[in-house]
Each structure stands twice: as structure tokens, then as C-alpha cells.
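Thanks for coming. I will take a few minutes to walk through one structure, starting with a detail and working outwards.

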Amino acid sequence: MKVNEIMSKDAVCIKEHDSITHARQLMRDHYLRGLPVIDEEQKVVGILKDKDVLNIRSTRSNVTVEGYMHDCPLITPETDIMDAAKHLLDSEVGRCPVIVSTEDRMITGILSNSDILGNIGSDRKLDAAVADIMTADVITCTPQENLTKVWPVLLESNFSGLPVISDKREPIGMVTRMDIIRSGFVRTALNDGHGTQPKDTTVVEKIMSTPVYTVSSDTSVKECLDKMLHYDVGRMTVLDKGSIVGIVDRTDILRAFVMGTGPVQ
């Protein structure tokens, strides 16, 4: 199967000299985890990730995209989806622009890991159990925690979302990078070294996503993927006897598709 069979043709883009404020607004309005960056000739010059937007401490409107964007893989409509999946994993992007050719970097579409995952349901590698691919070392947070504490965890780890747990350590929600971007929360507390600005008191429970979507450790990867696609969520909390034992996200399943299954170290 080729990329042109599954890609989306209407790509929301940002120009390299546009402001980060505008990029954040586009991500918020269109619920996007990444934006292709183009020049004045509509040629792809990079990708801006949701993590990049969260990493910006300045609230000035003149900060531009070009200082935060990353190089992105060269994926064309004729690229095989297995090769495209490898590119997404290697570059750690959840979505990538599709260009006309390696010689002509004009954007012609967008490919996301969800596009690929939605077309691999019959792959035998997905018959394995979730326990074989899940991340067992799960970082959690509570509803009362301030976003200024959760924000650095999402930046410093590879997690794009954290399970939210109750006082009884029961999962009650999920807080993600996109939840923070969509909330409009601004990290003034980390910019204000002299304590001259009021501290933001936004807490997790105000922006977290509910309900909780869960699977058990012996659920097949295929069934887990089916649930993620059905509910349009990026990760599933793995429970064993009511306790959190792991988390599975799109990247874990994409890696299983490309490399086969095996315990995450």
C-alpha cells in the first residue's frame, strides 16, 4: 500500500516566518499535533510539533516558527506505508507532510500515524498482547496538581499524555499536550524569575480529558488499536485488577507494526 492511498490531501500549514502565537492557534482550532512548515513558494522546510509549542516560554507575539521547527522526513505519495511508518518513528513525529517528490518539495498532503494505523488491522504482528508493547513505567498526576508541574514532565519525557488518578489511585482521566494547548494556558510562572506576575492556578482537573479508556494487559494489540481508533484517542491506560500497570500509545503500536513485538525496556 502506498501513501497516496491513505494520506489526507488538505493539509493545514504554517509559514516559517509566521508567529508561534498563530501556530498555537492553528493547533488549537484544528486539534493538530503538528504543523508542516512551508516557505513563500509552498515548499516544505520543516515540521512544528506540539512539544515545540509547549517548549516556548516567551509570551511575545513576535517569536516566529523558524526558530523552533525541525527537519522532517521526505515522504512522497509513492512511498510504501511501511517505509513511511519507519520515517515517522525515526523522526519522532506523529504526522508528516507529503511532498510531490524529493526534487519538488511542494506539499501535496499530510500523513499521520493514525492514517497508517487505520489500515494495518490485519497484520499478524498485532495479535500479540498489549503487555508485550506497553510502557510499564507510567508517570501519573492528580486532579489537583498545577499545570506548571505537569508541563515539564510532558516536555522532558517521551509521554504525550499522563493518566490522572484519584486519591485511591484509580484512573479518572488523561491530561495531554493537546489539552494544555487547547486550554490556552500560558506558562508565565516559569518565565517570571522575580515573582512579579501572578501565578497561574490552572489545575489538571480543569482541562483533563474524560472518560478513561482502558484495556487489560492480555488484550490483543489489534483490539487495543480498534478501541483507540473508535474513540479517537492517542493512548490507552492498561489496568490489572483495577491498578495501572502500563500505557499504550500510537507510537507503541506503530513500532510493533514495523519491528514486531517485544517488552519495552
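Start with one pair of residues: T214 has T237, in strand β9, as its bridge partner. That pair belongs to a predicted model, as does everything else I will show. The strands concerned are β8 and β9, which run parallel and are joined by three bridges.

Now the sheet around that pair. β8, β9 and β10 make up an open sheet of three strands, in that order, and the pairing is mixed. β8 and β10 are the edge strands, each pairing on one side only. From one strand to the next, the twist averages 35°.

What lies across these strands? The helix α8 does, crossing β8, β9 and β10 and running at about 130° to β9. Helix α8 covers residues 221–231, and its buried residues are V221, C224, L225 and M228. Looking down the axis of α8, you find those buried residues within an arc of 100°, so they line one face of the helix. The general background is that an α-helix has 3.6 residues a turn, so residues three or four places apart point the same way. The cover over the buried residues of α8 includes the three strands β8 (214–216), β9 (235–240) and β10 (243–249), along with the helices α4 (113–117) and α9 (250–259). Just past the end of α8 comes D232, with a positive phi of about 55°.

Two other residues have a positive phi. K241 sits in the loop between β9 and β10, and its phi is near 55°, although K241 is not a glycine. Is K241 buried or exposed? With a relative accessible area of 82%, K241 is exposed. E92 is in the loop between α3 (81–91) and β4, and its phi is also near 55°, again in a residue other than glycine. E92 has a relative accessibility of 58%, and the cut-off for exposed is over 50%, so E92 counts as exposed.

One peptide bond also deserves a mention. The bond joining T210 and P211 is cis, with omega at about 0°. P211 is placed in the loop between α7 (188–191) and β8, and β8 is one of the edge strands we began with.

Next, the middle of the chain. Strand β4, residues 95–99, and strand β5 run antiparallel and are joined by five bridges. One of the pairings is P97 with I110 in β5. How many of the six residues of β5 are buried? Five are, so β5, residues 107–112, is largely enclosed by the rest of the structure.

There is another open sheet of three strands, in the order β1-β2-β3, also with mixed pairing. β1 (14–15) and β3 (44–49) are at its edges with a single partner strand each, so one side of each has no neighbour in the sheet. β1 pairs with β2, residues 34–38, in the parallel sense over two bridges. K15 has I38, in β2, as its bridge partner.

To finish, the chain as a whole. It has nine helices and ten strands. Of its 265 residues, 48% are buried. Among contacts with a separation of 6 or more, 64% are between residues 24 or more positions apart. The accessible surface comes to about 13,000 Å², and carbon and sulfur atoms account for 45% of that.

Definitions and conventions: Residues numbered from 1 in each chain as written. Predicted model: local features only at pLDDT ≥ 70, side-chain atom pairs only at ≥ 80, totals over all residues. Heavy atoms only, no water. Buried < 20%, exposed > 50% of the residue type's maximum accessible area, 1.4 Å probe, protein only. Helix = DSSP H or I, 4+ residues; strand = E, 2+ residues; numbered from the N terminus. Arc of directions from axis to C-beta. Contact = heavy atoms within 4.5 Å. Pairing = 2+ DSSP bridges. Axes fitted to C-alpha atoms, helices over the stretch in contact; angles between N-to-C directions. Areas by Shrake-Rupley, 256 points an atom, 1.4 Å probe, with all protein chains shown as cover.
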